[in-house]
Amino acid sequence: MIEKHIILEDIDPVMFYGVGNAHLTMLKALYPKLRIVARDNVIRVLGDEQQMAAFEEGVEKMRQHVLKFNSLKEEDILDITRGRRTNDDVPDDVVVYSISGRAIKARSANQQRLIDAYHDNDMIFAVGPAGTGKTYLSIALAVKALKEKTAKKIILSRPAVEAGEKLGFLPGDMKDKIDPYLQPLYDALEDMLPQVKLQDMMEKHVIQIAPLAFMRGRTLSDAVVILDEAQNTTPAQIRMFLTRMGWNTKMIITGDTSQIDLPHSQKSGLIEALHILSNVEGIGVVNLTQKDIVRHKLVTRIVNAYEEYDNECTNKN
């Protein structure tokens, strides 16, 4: 008899063990010659050497399955233990899978252009109205890079300027003050990574979320870096951010030029950057429109109504 410890890396052990340890109970029944005890992300196995080898191989295949699909079903476990193929081929158009197993992929031609631009360039500007999926899809691309180990970390940032509110009037310490501005980024990550794994990655600074002001002085290497709501940056701020780029880094800058919350006298850094950098080699620019909106159908109607109103006001002036 031999004993081994198997560590479940990069996945949420709760998902692997199943609700009420149902998957673990199933594995014990499938490998009767082994004594299997799990605690946290470590599986302690004692028993027959031949069955131990089969168990180790099976666990690794199940771990890879969870890493790809964010799910593990009983039929997957049966297929793997019996040497059958699971549905383990990720279609070419899928970026990643959500924690519910939903495929996250482009849902419009311009969203696909964003994905293609990411692969073809080191810096991408994704510009369009609310609801076009530019932030969500950008974070999905970053999560994929982390899972495939083409990047060592994800860095997400936003300028802390929203609808005329001031940080000083918000309650709590600095983290409490800035978290509301960063919540949309948390929401997207929570849809793609299990809560336990996300928390662990944030504690280890594999995933970093910070206001734009915290970027000054840093060189961002081996990372996917996303600047969201870039229309609310000043020219000096976005210039500072863009020059933080280090080796083996991808930068995605998203924004909506119709929702600028800066004072009227202040020029948007995003608009200036698009003008200056549009023809620079290695930088891709993707413009999304109302046709790319993937939220509730009313969002499209609201965006169109406001656009018509803005045009009327412009024509009157």
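Leaving aside its neighbours within four places in sequence, which residues is Leu27 in contact with? The legends below take this up first, then move to other parts of this predicted model.

**View 1. Leu27 and its contacts.**
Leu27 sits in helix H2, which covers residues 22-30. Beyond its neighbours within four places in sequence, Leu27 touches Phe16, Ile36, Phe55, Met62 and Ile77. One of these partners, Phe55, is 28 residues away in sequence. In space, the C-alpha atoms of Leu27 and Phe55 are 8.7 Å apart. Leu27 has a relative accessible area of 1%, so it counts as buried.

**View 2. Strand E3 and its two faces.**
Strand E3 spans residues 42-47, and its side chains alternate. Ile43, Val45 and Gly47 point to one face and are buried. Val42, Arg44 and Leu46 point to the other face and are not buried.

**View 3. Strand E3 and its pairing with E1 and E2.**
Strand E1, residues 2-7, pairs with E3 through six bridges in the antiparallel sense. Within this pairing, look for His5 opposite Arg44 of E3. Strand E2, residues 34-39, is also antiparallel to E3 and is joined to it by six bridges. Here Ala38 faces Ile43 of E3. E2 and E3 make a hairpin, with two residues between the strands. Asp40 lies in that turn and has a positive phi of about 55°.

**View 4. Two asparagines with positive phi.**
Most residues other than glycine have a negative phi. Asn21 is not a glycine, yet its phi is positive, about 60°. This residue lies in the loop between helix H1 (13-17) and H2. With a relative accessible area of 38%, Asn21 is partly exposed. Asn70 also has a positive phi, near 55°. Its place is the loop between helix H3 (49-69) and helix H4 (74-81). Is Asn70 buried or exposed? Asn70 is buried, with a relative accessible area of 4%.

**View 5. Asp76 and His65.**
Asp76 belongs to helix H4. Its relative accessible area is 6%, so Asp76 is buried. The side chain of Asp76 makes a polar contact of 3.2 Å with the side chain of His65.

**View 6. Helix H5 and its buried face.**
Helix H5 runs over residues 109-120, 12 residues in total. From first C-alpha to last, H5 reaches 16 Å, close to the 16 Å expected at 1.5 Å a residue. Which residues of H5 are buried? They are Asn110, Gln111, Leu114, Ile115, Ala117 and Tyr118. Seen down the axis of H5, these buried residues fall within an arc of 160°, so they line one face of the helix.

**View 7. Helix H6, largely enclosed.**
Helix H6 covers residues 134-147 and has 14 residues. H6 reaches 20 Å from its first C-alpha to its last, close to the 20 Å expected at 1.5 Å a residue. Of its 14 residues, 11 are buried, so H6 is largely enclosed by the rest of the structure. Among the buried residues are Lys134, Thr135, Leu137 and Ser138. Others include Ile139, Ala140, Leu141 and Ala142. Val143, Ala145 and Leu146 are buried as well. After the helix comes Lys149, with a positive phi near 60°.

Methods:
Residues are numbered from 1 along each chain as its sequence is written. This is a predicted model: local features need pLDDT of at least 70, side-chain atom pairs count only at pLDDT 80 or more; totals for chains, interfaces and linings use all residues. Side-chain values use heavy atoms; hydrogens and water are left out. Helices (H or I, at least four residues) and strands (E, at least two) are DSSP runs, numbered from the N terminus. The expected span of a helix is 1.5 Å times one less than its number of residues. Buried means under 20% relative accessible area, exposed over 50%, partly exposed in between (1.4 Å probe, protein chains only). Contact means heavy atoms within 4.5 Å. Two strands pair if DSSP finds at least two bridges between them. A polar contact is a pair of N or O atoms within 3.5 Å; within protein, one must be able to donate a hydrogen and the other to accept it, and residues adjacent in sequence count only if both atoms are side-chain atoms. The arc is that of the directions from the helix axis to the C-beta atoms.
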